[in-house]
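Please work through the following exercises with the sequence and the model at hand. Each task is followed by a solution in steps.

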Amino acid sequence: MSDAHYPLGKNLQNTFFEAFKDQGDLHYSVVAPSPLNNPVLVSSNVLLATELGLNSEHMTDSAMINLMAGDLSGTKLQPIAAVYSGHQFGVWAGQLGDGRAMTLGELAVDDIKTGKSQLWDIQLKGAGATPYSRFADGRAVLRSSIREYLCSEAMHGLGVATTRALCLVNSETPVYREDVESAATVCRVARSHIRFGSFEHFHYRNQPEAVKALADYVIARHFPEWAENNQKYVKLITHAVTETAKMIAQWQAVGFAHGVMNTDNMSILGDTIDYGPFGFLDAYNPDFICNHSDANGRYSFKNQPSVGRWNLNALATSFMSLLPSEALVTALKDYEPTFLQHYRHLMATKLGLKEYTENDESLINNLLRLLEENKVDYSLFFRQLCYFSNDNRALRDMFVGREAFDGWAELYMQRLNQQPLSDEGRLTAMLQTNPKYILRNYMAQAAIEKAEQGDYSEVHLLLEVLQNPFKEHTQAGHYAGLPPDWAETISVSCSS
Ligand code: AMP
Ligand code: MG
């Protein structure tokens, strides 16, 4: 057997395992994967591999593919599945946990920017049942794995805080959903897999010492500089509040709807995690619901900022044994101003404004109202706006109500004239913030349909394009326009 999986097979540590190994199954269970049959590499993410100190030869070696399909032979890895609980659709759901995910270990990578070493969790999703699988099979179907793989990299490409995906493996192992499908694995790479629901789990079990131990673990791993600070738990909750606010501001600015903002799907570090029935806006619609199972629209696009606040409230509740309630209330107060500040800044940047000023609020809101009334495609509009001028017909023609748009455009022109920035300077800046490509559902669907026939070329194309969504990609021009009519028939729900 080749050594090629050794960068992952041999070099992983497991600080999470070490921190709690004397506590029985309190925080996690040690698990053994059930390897997939005849695994085939669908795609590997060479960009991320390189960041992790791996290369494309490592990623295509059969030993590595087997490892990524859950075959641990030749390694000493001891994977763990973490336990957590959570509020699902606003209701306490009790214990959940890694039902189809297991963390192989943590890879230490030197961060070129900070010079510090950072640990990345290396996790397999879909490698078999765990004690937290309940009645499910611990598997992930190819289609949902393609969606997670592509979307996490698309979000990273857009500059949104997110977990990453290292590779995607398909197999001949059958999975039984409505039809028989093939089982796949995604290797998810994240700074942390600890969720709001990880803290809630111990709070609701009345185990305050376990809440404290988990908070101390997060601080030791991510914020060692706080370890001796008597405000360390205030710092931790405040960090969760501000990073979640910034993440959701990014979602709103790029037009991303997560779809299942349950507290078990919220990362303590504020990274986007658990890509299921997500969706990007086509025509601007604040009431957009991407999750077919979300009949009441709890997680609709416009509700995301307030759900973020609701989820943080649930997290703060689980910190009640660590901090007095006044401190928690104070920490939560940072949410709205942080969200607004970041959202306004991001929207101003999308508009090519160097700075957000108070009057820009009505400029932004009036624009969003026009986009909604005229059912204008959100991302296409902003990309076209980069080329704004008095006689940009393509932009004006996006609106049924042309005069209303003219009125807005007049005010926008006046606003642009107030800032010392040339049209070329504005164009360059705007092209780097308004993507040409987003992962619309129909694009993922096209990649899925081909992949289910054994043709992975569309996955490869989309990965390349979405990792660099601000660039022109001549081979993918057809993905830069409006979605086709059939896109409306795609329905995505939680089941995957
Ligand atoms: P999600 O909707 O993906 O966030 O999953 C909610 C919970 O259900 C988590 O605890 C998952 O681990 C678990 N889960 C989802 N799908 C499966 C599956 N196929 N097998 C086992 N557990 C699953
Ligand atoms: Mg989840």
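**Exercise 1. Determine in which strand Ser171 is found and which backbone atoms its side chain reaches.**

Step 1. Ser171 belongs to strand S9, residues 164-176; helices (H or I, at least four residues) and strands (E, at least two) are DSSP runs, numbered from the N terminus.

Step 2. With a relative accessibility of 7%, Ser171 counts as buried. Buried means under 20% relative accessible area, exposed over 50%, and partly exposed in between, with a 1.4 Å probe and protein chains only.

Step 3. The side chain of Ser171 lies 2.7 Å from the backbone oxygen of Ala183, and one of its polar atoms is 3.1 Å from the backbone nitrogen of Thr173.

Step 4. Beyond four places in sequence, Ser171 touches Leu36, Asn37, Asn38, Pro39, Ser182 and Ala183; contact means heavy atoms within 4.5 Å.

The model is predicted: local features need pLDDT of at least 70 and side-chain atom pairs count only at pLDDT 80 or more, whereas totals for chains, interfaces and linings use all residues. Residues are numbered from 1 along each chain as its sequence is written, chains are lettered from A and ligands numbered from 1 in the order in which they are written, and side-chain values use heavy atoms, with hydrogens and water left out.

**Exercise 2. Identify the side chain that is joined to Thr103 by a polar contact.**

Step 1. Locate Thr103 in strand S6, residues 101-110. Its relative accessibility is 8%, and Thr103 is therefore classed as buried.

Step 2. The partner is Gln123, whose side chain makes a polar contact of 3.0 Å with that of Thr103. A polar contact is a pair of N or O atoms within 3.5 Å; within protein, one must be able to donate a hydrogen and the other to accept it, and residues adjacent in sequence count only if both atoms are side-chain atoms.

Step 3. Leaving aside neighbours within four places in sequence, Thr103 is in contact with residues including Asn14, Pro79, Asp121 and His193.

**Exercise 3. Asn206 and Asp274 both have a positive phi. Establish where each lies and whether each is buried or exposed.**

Step 1. Recall that most residues other than glycine have a negative phi.

Step 2. Asn206 has a phi near 60° and sits in the loop between helix H7 (196-204) and helix H8 (208-222). Its relative accessible area is 65%, so Asn206 is exposed.

Step 3. Asp274 has a phi of about 70° and occupies the loop between strand S11 (256-257) and strand S12 (279-280). Its relative accessible area is 15%, so Asp274 is buried.

**Exercise 4. Explain why helix H14 is largely enclosed, and find the residue that caps its N-terminal end.**

Step 1. Helix H14 spans residues 378-385, and 7 of its 8 residues are buried, so the rest of the structure largely encloses it.

Step 2. The buried residues of H14 are Tyr378, Ser379, Leu380, Phe381, Phe382, Arg383 and Leu385. Their cover includes helix H9 (232-254), helix H12 (335-350) and helix H16 (402-417).

Step 3. The cap is Asp377, which has a side-chain oxygen 3.3 Å from the backbone nitrogen of Ser379.

Step 4. Turn to Val254, which lies in helix H9 and is buried, with a relative accessible area of 13%. Among the residues that Val254 touches are Tyr378 and Ser379.

Step 5. In helix H12, Thr338 is buried at 11% relative accessibility. A polar atom of the Thr338 side chain is 2.5 Å from the backbone oxygen of Asp334, and Thr338 also touches Thr242, Ala245 and Lys246.

**Exercise 5. Describe the surroundings of ligand 1 and state how much of its area the protein covers.**

Step 1. There are 15 residues around ligand 1, of which Gly97, Gly99, Arg134, Gly138 and Asn265 come nearest; a residue is near a molecule if one of its heavy atoms lies within 4 Å of it.

Step 2. The shell divides into 3 nonpolar, 5 polar and 7 charged residues. Here Ala, Val, Leu, Ile, Met, Phe, Trp, Tyr, Cys and Pro count as nonpolar, Asp, Glu, Lys and Arg as charged, and the others, Gly among them, as polar.

Step 3. A nitrogen atom of ligand 1 is 3.1 Å from an N or O atom in the Asp137 side chain. A ligand nitrogen is also 3.4 Å from an N or O atom in the side chain of Arg177.

Step 4. On its own, ligand 1 has 480 Å² of accessible area, and the protein covers 81% of this. Accessible areas come from the Shrake-Rupley method with a 1.4 Å probe; for residues, only the protein chains shown count as cover.
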